[in-house]
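Biologist: Please take a close look at a single part of this model, the end of the chain, and set out what surrounds that part. A connected account with explicit cut-offs would be appreciated.

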Amino acid sequence: MGRGKALNPIGLLLLISTPSILVSAVVDCSIVTQFISACSTFITYGSPDPIPGSPCCDAIAGLNIVANTADNRQSVCGCLMNLITTYNPNATAIATLPGFCGLSLGFIIDPNTDCNL
């Protein structure tokens, strides 16, 4: 009878360790780059239309979901600042993506943005 109420030690270990795993997670720049790659045509050529299309805006919406905590926003911000440096001539295109897609990432995409704030 009493055995049915005992907590499995492995289950207890998972229960204890799960919050620390979730708290320490930050967004890897490769994920941000994958999202932004859906916007590569717009970033490179300022087309189509000259506003980004659905796949690009869907990717920015996904990026917005990933940036769901302060730590994740800081990480996404840092990754985007690195991409701005990489795509320097087209940095303006990267900066306009959230606005064109009707979203806010919680920070301004600008080379002068301090992602630690």
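Modeller: Helices are DSSP runs of H or I with at least four residues, strands are runs of E with at least two, and both are numbered from the N terminus. In those terms, Leu105 belongs to the segment that follows α6, and Thr113 lies in that segment as well. The model is predicted, so that local features need pLDDT of at least 70 and side-chain atom pairs count only at pLDDT 80 or more, while totals for chains, interfaces and linings use all residues. Residues are numbered from 1 along each chain as its sequence is written, and side-chain values use heavy atoms, with hydrogens and water left out.

The setting comes before the detail. The chain contains six helices and zero strands. Of its 117 residues, 28% are buried, where buried means under 20% relative accessible area, exposed over 50% and partly exposed in between, with a 1.4 Å probe and protein chains only. Contact means heavy atoms within 4.5 Å; among contacts between residues at least 6 apart in sequence, 76% join residues at least 24 apart. The average pLDDT of the chain, the predictor's confidence in each residue on a scale from 0 to 100, is 76, and 74% of the residues score at least 70. Residues 1–24 have a pLDDT below 50, and this stretch has two contacts in the model beyond near neighbours in sequence. Where pLDDT is low, the predicted coordinates should not be read in detail.

The account of the chain end starts with helix α6, which covers residues 91–100 and has Ala91, Ala93, Ile94, Leu97 and Pro98 buried. The cover over these buried residues includes α2, α3 (40–45), α4 and α5. Phe100 is also a residue of α6, but with a relative accessible area of 43% it is partly exposed. Apart from neighbours within four places in sequence, Phe100 touches Phe42, Ile51 and Pro52. Between the C-alpha atoms of Phe100 and Gly53, which are 47 residues apart along the chain, the separation is 9.5 Å. Just after α6, Gly102 adopts a positive phi of about 75°.

Further along the segment, Leu105 has a relative accessibility of 3% and therefore counts as buried. Its contacts, neighbours within four places in sequence aside, are Ile60, Leu63, Asn64, Arg73, Leu80 and Pro98. Leu105 lies 7.1 Å from Ala67, C-alpha to C-alpha, with their positions 38 residues apart in sequence. Thr113, by contrast, is partly exposed at 22%. With neighbours within four places in sequence set aside, Thr113 is in contact with Cys77, Met81 and Ile108. The C-alpha atoms of Thr113 and Met81 are 8.0 Å apart, and the two residues are 32 apart in sequence.

The helices that take part in covering α6 also pack on one another. Two packed helices are described by the angle between their axes and the distance between the axes. The axes are lines fitted to C-alpha atoms, for helices over the stretch in contact, with angles from 0 to 180 degrees between N-to-C directions. For α2 (residues 29–37) and α5 (residues 70–86), the axes come within 9 Å and cross at roughly 60°. That angle makes α2 oblique to α5, given that under 35 degrees counts as roughly parallel, over 145 as roughly antiparallel, 65 to 115 as roughly perpendicular and the rest as oblique. Cys29, Val32, Thr33 and Ile36 of α2 form this contact with Val76, Cys79, Leu80 and Leu83 of α5. By class, the contact of α2 with α5 has seven nonpolar, one polar and no charged residues; Ala, Val, Leu, Ile, Met, Phe, Trp, Tyr, Cys and Pro count as nonpolar, Asp, Glu, Lys and Arg as charged, and the others, Gly among them, as polar.

The axes of α2 and α4 (residues 54–66) come within 8 Å and cross at roughly 155°, and the two helices are therefore roughly antiparallel. Here Val32, Phe35 and Ile36 of α2 meet Ala59, Ile60, Gly62, Leu63 and Val66 of α4. This contact of α2 with α4 comprises seven nonpolar, one polar and no charged residues. Ile60 and Leu63 are also among the contacts of Leu105, as is Leu80, a residue that α5 brings to its contact with α2.
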